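Work through the exercises below with the structure open beside you. Try each task before you read its solution.

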Amino acid sequence: MITAGVDLGSTYLKVVILKDKKRVGYGVAPTGHDHDLTSKQVLDEALLMSDLKKDEIDYIVSTGYGRRVTSLANETISEISANARGVQWLGEELGVRTIIDIGGQDTKVIALDDDLQIINFAMNDKCAAGTGRFLEILARVLDVPLDDMGALSLKSKDPVDITTTCLVFAKSEVANLIFQGYKKEDIIAGIHKAVARRLVAMAKKVGIRKVIFFDGGPARNIGMVAAMERELGMKMHVPDMPQIVTATGAALLAVNRFEEKGSS
Amino acid sequence: MVDVAKNPVIASSKNLAASANGFYDIGIDVGAISTKVLILHNAKDIIGKKVLPTTMQPDKLAKKMMDLLLKEQGIKREAVKHIIATGQGRKVIDFADMARTEITAFAKGAYFLFPQAEVAVDVGGQGIRVMKLGEMGIVSDFRTNVKCSSCTGCFIDAMAIALDVGIENVGELSSSSLNPETISTTCTIFAESEVVSLVAKGKKKEDILAGLNAMVAKKVGAVINTTRTRGPVFLGGGVGLNVDVIRKLKERLAMDIYVPAYPQFVGALGAALFAPNPLIEEEEYEEYEDEEEKSQEKGSFFSRLRSRREK
C-alpha cells in the first residue's frame, strides 16, 4: 500500500510518501502563496525520490494550517493528531510522554499517556515569540543564514539576555546589540535562550514528563536543542528529520483510513 | 480633525513676536520609535517642536534637534533655563538637567492641555499606557503594555509599509472604506503576512486598513475600559494622528475623547512643564517614579546602552 502525507505549514510545505509503512520519499519547500501548486510540486519531488507515479498512491491525507487549500488530499486531519501519530510511530520504543513541536508560526506542546494517546495539549499561534519565525527574522537581522545559527551559537561563552518578548521589539533590540558591538554568537545564543524559555514555560503548563520529543523545523538547529535542554534541565529526543514528523503522521493516518475504507 | 484654535498652547504660539523676553525650557521625549523635542516659553507656550525617528545614538540626535530648534527660533542656549528628558531613552540624554518617566511626563502634559480628563491614554510607538488622573492631574493608577507591539504605533507603521501607504494617509484612506475586512491575527508579525495575502487576493487597501484600525480601536478601547472611566478621556501619542482610529474609538466607547492638535508632543510638553516651578510639589510624583522604574526600566536596551557606556 502506498500513501502520502502533505503538511501545509505556514512557512514550509512537507510531503512524505510511505510504501508498506516505510518512508520511501519526501520533499520540503517554502509554502509560498499558491498552496495548491506548491503541494503538487513537492509531491512530484517526493514521487521522484521514491520512484513512484502519482496514480500509484492509494490515499493522501493533508494536515497543517493550510490543509484545506490543497486539491490533492482525500481527507484532512489536524496537525496535533498528525504530529502525535508520527511520534507514536517513530518513538514507539522511546516511551515519549511529551512532544514539543515548534513550527514556523505556531508552537504545540502535546502530552501523551502511557499508551501514547493525547491527553492534553497547548498551542500558541497568537504571538510570534517562541516560534520559528522568531529565529528566522532575527537571523535576517543578524545577516546569518538560518542554517548556520545553531553551530555559531555553540561558540558562545556569554549569551546576551534578550529582554523583549515581542518579535518587533526584539528586532530593534538585536539591531541595537549589533550596533553596540556584541558578538554575533552571543546574540544568537541569547535568541535561542529566549525562545527556549518561552517553550519551556508553555510545556510546564501542560506538564512535562519524560521522554520529551522535540520536532518541527527549528529542532534541526543544534543550538536551539542545546538551549532547550539547558532550560529543561534534561535531555530530549530529536528525530533525524524533525521537519517531516507531522507529514509522516498524516501518511500513517492515510494507511489507517485506506484500510478502514477497504474493509467497510 | 482637531480644532487648533481650541488648543490654548498651540494657538498662543502665534504670539511668538511678543515673546522676546521671558524664559525657555526644553522638553525631550526619546521614544522607542521617534524622538520629540519642544521649546516651551514662560512655562506655557510651545514655540517650536520637532520629531524625528529615534536613532542608535539618541543623545546625539536630540542634541542636534535641540540646536536646530534654538537656531530656527533665534534663541540663545543661555536663555534656556532647563532641559528635561523623558521617554524610554531619557537617561541617555546626559545634557538634560533632569529626567521624568514617560508616565509622569505624559500625565503632566495631558492635565495641562485638558484638565477635565479623568483618564489619559498614550498610544505610542511601542506601547499603550493608560493613566487615571486624580486631583491636579496626579497619576493615581496606571497600566502599561510594553511586551507586545500589537495595536501600537509600530503595528500601524508595519501595516502601512506592507500596504505601501504613507503612515500619514492611513486614517483618511481607511475612513473611505465601505467594506472593512476582518483581520484574524493579533501579532504584528503575523498580521503583516495576513495583510500581504489579503492584497494578493485583490482586497482593497482601504478595506484592509479599516479592518486594522477597527482592531486598534478595539484594543485601545479595552485598555481604557479597564479603568472603568466614563470619560472624558485624553488621548495622545502618535496614534492620535490616525483620525479613523479615533472615530472608531469614540463610537465604540460612546464617551468624550479629546485629542490635542499635536498628540505626539504630549510627553515632551509634560517634561518641559516639569522645569522647577514653585507652584508644583515634586515629591508627590516620587512614589510612582520608583514603581515605574522597576516595572519598565529593567534591562531595556536604552538602559543597556547606558550601562555599556559607563563601563
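## Exercise 1: A helix and its surroundings

The model is predicted. In it, the buried residues of α4(B) pack against α5 (167-179) of chain A, and also against β6 (119-123), α5 (170-175), α6 (188-200) and α7 (205-225) of chain B.

**Task.** Find which residues of helix α4 of chain B are buried. Then find what follows the helix.

**Solution.**
- Step 1. Locate the helix. α4 of chain B covers residues 153-163.
- Step 2. List the buried residues. They are B:Gly153, B:Cys154, B:Phe155, B:Ile156, B:Met159, B:Ala160 and B:Leu163.
- Step 3. Apply the cut-off. Each of these counts as buried because 20 or more other C-beta atoms lie within 10 Å of its own.
- Step 4. Step past the end. B:Asp164 follows α4(B), and its phi is positive, near 60 degrees.

## Exercise 2: Two helices side by side

**Task.** At what angle do α4(B) and α7(B) pack, and which residues make the contact?

**Solution.**
- Step 1. Take the geometry. The angle is about 170 degrees, and the axes of α4(B) and α7(B) are 11 Å apart.
- Step 2. Classify the angle. α4(B) is therefore roughly antiparallel to α7(B), since angles over 145 degrees count that way.
- Step 3. Name the residues. α4(B) contributes B:Ile156, B:Met159 and B:Leu163. From α7(B) come B:Lys205, B:Ile208, B:Leu209, B:Leu212 and B:Val216.
- Step 4. Sort by class. The contact of α4(B) with α7(B) has 7 nonpolar residues, no polar ones and 1 charged residue.

## Exercise 3: The sheet of five strands

**Task.** Give the strand order of the open sheet of 5 strands in chain B. Why is one side of β8 and of β10 left without a neighbour in the sheet?

**Solution.**
- Step 1. Read across the sheet. The order is β8-β7-β6-β9-β10 in chain B, and the pairing is mixed.
- Step 2. Look at the edges. β8 (139-145) and β10 (257-258) of chain B each have a single partner strand, so one side of each has no neighbour in the sheet.
- Step 3. Check one pair. β7 (residues 128-133) and β8 of chain B run antiparallel, joined over 6 bridges. B:Lys132 has B:Asp141 in β8(B) as its bridge partner.
- Step 4. Add the helix. α7(B) packs on the sheet and touches β6, β7 and β9 (233-236) of chain B. Its direction makes about 145 degrees with that of β6(B).

## Exercise 4: Where the chains meet

**Task.** How many residues of chain B are in contact with chain A, and which element gives the most?

**Solution.**
- Step 1. Count both sides. 18 residues of chain B are in contact with 17 residues of chain A.
- Step 2. Find the main elements. α6 and α11 (301-310) of chain B each supply at least two residues of the side that touches chain A.
- Step 3. Pick the leader. α6(B) gives the most, with 5 residues.
- Step 4. Sort by class. The side of chain B that touches chain A has 9 nonpolar, 7 polar and 2 charged residues.
- Step 5. Add the predictor's scores. The complex has an ipTM of 0.85 and a pTM of 0.82.

## Exercise 5: Backbone exceptions

Most residues other than glycine have a negative phi, and most peptide bonds are trans.

**Task.** Which peptide bonds are cis, at A:Lys210 and at B:Gly231? Are A:Leu116 and B:Ala254 exposed or partly exposed?

**Solution.**
- Step 1. Start in chain A. A cis bond joins A:Lys210 and A:Val211, with omega about -5 degrees. A:Val211 lies in the loop between α6 (184-206) and β9 (212-215) of chain A.
- Step 2. Move to chain B. The bond from B:Gly231 to B:Pro232 is cis, with omega near -5 degrees. B:Pro232 sits in the loop between α7 and β9 of chain B.
- Step 3. Turn to A:Leu116. Its phi is positive, about 60 degrees. A:Leu116 lies in the loop between β7 (107-112) and β8 (118-124) of chain A. It counts as partly exposed because it has 18 C-beta neighbours inside 10 Å.
- Step 4. Finish with B:Ala254. Its phi is positive, near 50 degrees. The residue is in the loop between α8 (243-253) and β10 of chain B. With 8 C-beta neighbours inside 10 Å, B:Ala254 counts as exposed.

Methods. Residues numbered from 1 in each chain as written. Chains lettered and ligands numbered in written order. Predicted model: local features only at pLDDT ≥ 70, side-chain atom pairs only at ≥ 80, totals over all residues. Buried ≥ 20, exposed ≤ 12 C-beta atoms within 10 Å, placed from the backbone. Helix = DSSP H or I, 4+ residues; strand = E, 2+ residues; numbered from the N terminus. Contact = placed C-beta atoms within 7 Å. Nonpolar A, V, L, I, M, F, W, Y, C, P; charged D, E, K, R; others polar. Pairing = 2+ DSSP bridges. Axes fitted to C-alpha atoms, helices over the stretch in contact; angles between N-to-C directions. Parallel < 35°, antiparallel > 145°, perpendicular 65-115°, else oblique.
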